[in-house]
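Please open the structure in a viewer and keep the selection tool at hand. The tour below proceeds stop by stop, stating what to select and what is found there.

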Amino acid sequence: MVALIEKYKAFLPVTDETPVISLQEGNTPLIPAPRLSQRIGAQVYLKFEGANPTGSFKDRGMTMAVSKAAEEGAKAVICASTGNTSAAAAAYAARAGMKCIVLIPDGKVALGKLAQVQLTGADVVQIDGNFDDCLRMVRYLSDNYPVALVNSVNPFRIEGQKTGAFEIVDELGDSPTYQAMPVGNAGNITAYWAGYKAYKEAGKASRLPTMLGFQAAGAAPIVHGAMVEKPETVATAIRIGNPASWQKALTARDESGGVIQAVTDEQILEAYGLLSSEEGVFCEPASASGVAGALMLAEQHFFKPDDSVVCILTGHGLKDPGTAMSRSGKEVEVLPVDGENLAAHLGLK
Ligand code: F0G
């Protein structure tokens, strides 16, 4: 295997002098989804970013951001996070031998993400506020103290995340008709759009996809055209009221002729359950919002049978075991060691 930075070197701002800090990220599966295809009425693929080393798409951007920070001689990195960015920053910083500082919103980070960060030994602080407050604080700290900011306001993060689009085109042979994805701080939709455009310019794709972005209804500033003071959603990864790349998300939407719409928590959880029970793919709730959105559009007969729709499943289901347990709504029973009793209980006889 080759590091993402090496594989896509020609499309990334690196030189032979850039130290490559890699955990063999990227090269994630593009999984055909037959049952979802049937429901949606088009050819649906799931880009399973949970297969990255820290379990989310953030690794694509973080390998770039931390490699460039190392090139510039940084000794420490800092980020605000709803969980996944911090897990990636902490892992790549550990790999680079750098200190990592993480600011997270009070009590709203899924357990798997917090567990990952804690074990790296990163300095983790909860802020009595939301993600937007955390982002303001890390901007302040990195402006005034010697620590490199690795949120997606760092342009190298966006550069690295473009590789998701490259992989999709490499595998499908061209851009899909549509790409559906969650939108939080709006870095990823910005990155994918830049990636597709770069590949088309290089002659690697003949067309550009239409971008379909989805925010959670309780955290949908881009949809409503106004900041959300107190964002709320079960999809804590995208619980963001003032996205840093707001304007760039609008550009991706408008240049591609796409949409950015809201999906409710119930729609998100419904899609989250379907992905698991019908396709065997376990992603975190925020990741399911792209699928929830595609299902919603399908109800309005938005897609044609020959369309290809790639849904970006941004993070692994194991990131948020609490939501999986509560959504299943089932207790696991304890029964005696008795074959016939078990057979009866399980409806086998
Ligand atoms: N999906 C997941 C699983 C995420 O963790 C995020 C963002 C998004 C989607 C949205 O991507 O912000 O580029 O629009 N998580 C950030 C974090 C905010 O701190 O981990 P975006």
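The stops that follow pass through a sheet, a loop, a helix, a ligand site and a single residue. Please bear in mind throughout that this is a predicted model.

**First stop: the open sheet**

Begin by selecting the four strands that form an open sheet in the order 5-4-3-6, with parallel pairing. Strand 5 (123-127) and strand 6 stand at the edges and have a single partner strand each, so one side of each lacks a neighbour in the sheet. As general background, strands of a sheet pair through backbone hydrogen bonds, in either a parallel or an antiparallel manner.

**Second stop: strand 3**

Next, select residues 76-80, which make up strand 3. Are the residues of this strand mostly covered or mostly uncovered? The strand is mostly covered, as five of its five residues are buried. Now display the side chains: A76, I78 and A80 point one way, whereas V77 and C79 point the other way. This agrees with a general rule: in a regular strand the side chains alternate between the two faces of the sheet.

**Third stop: the partners of strand 3**

Add residues 99-105, which form strand 4; this strand and strand 3 pair in the parallel sense over five bridges. Within this pairing, V77 stands opposite C100, and I78 has I101 as its bridge partner. Then add residues 148-149, which are strand 6; two bridges join this strand to strand 3, and the two run parallel. Here the bridge partner of I78 is L149.

To see how the chain travels between two of these strands, return to strand 3 and V77, which stands opposite C100 in strand 4. From strand 3 the chain crosses through helix 4 (residues 84-96) to strand 4, and this β-α-β crossover is right-handed.

**Fourth stop: K75**

Select K75, which is found in the loop between helix 3 (58-71) and strand 3. Is K75 buried or exposed? K75 counts as exposed because its relative accessibility is 66%, and the cut-off for that class is over 50%. Leaving aside residues up to four places away in sequence, K75 touches M98 and K99. A polar atom of the K75 side chain lies 3.5 Å from the backbone oxygen of G73. A distance label between the C-alpha atoms of K75 and A148 should read 8.2 Å, although the two residues are 73 residues apart along the chain.

**Fifth stop: helix 8**

Move to residues 163-172, helix 8, which is mostly covered: seven of its ten residues are buried. Among the buried residues of this helix are T163, F166 and V169. Just after helix 8, G173 takes a positive phi of about 90°.

**Sixth stop: the ligand**

Select the ligand together with its surroundings. How many residues surround the ligand? There are 20, and the closest are T85, N185, A186, N188 and T314. A backbone N or O atom of N185 lies 2.7 Å from an oxygen atom of the ligand. For N188, a polar backbone atom is 2.8 Å from a ligand oxygen atom. The side chain of T314 places an N or O atom 2.6 Å from a nitrogen atom of the ligand. The ligand taken alone exposes 470 Å², of which the protein buries 99%.

**Last stop: S308**

Finally, select S308, which is found in strand 10 (residues 308-313). S308 is buried, with a relative accessible area of 12%. Not counting residues up to four places away in sequence, S308 touches Q43, Y45, P176, T177, Y178 and R207.

Methods. Residues are numbered from 1 along each chain as its sequence is written. This is a predicted model: local features need pLDDT of at least 70, side-chain atom pairs count only at pLDDT 80 or more; totals for chains, interfaces and linings use all residues. Side-chain values use heavy atoms; hydrogens and water are left out. Buried means under 20% relative accessible area, exposed over 50%, partly exposed in between (1.4 Å probe, protein chains only). Contact means heavy atoms within 4.5 Å. Two strands pair if DSSP finds at least two bridges between them. A crossover is right-handed if, with the strands pointing away from the viewer, the path from the first strand over the helix to the second runs clockwise. A residue is near a molecule or strand if one of its heavy atoms lies within 4 Å of it. A polar contact is a pair of N or O atoms within 3.5 Å; within protein, one must be able to donate a hydrogen and the other to accept it, and residues adjacent in sequence count only if both atoms are side-chain atoms. Accessible areas come from the Shrake-Rupley method with a 1.4 Å probe; for residues, only the protein chains shown count as cover.
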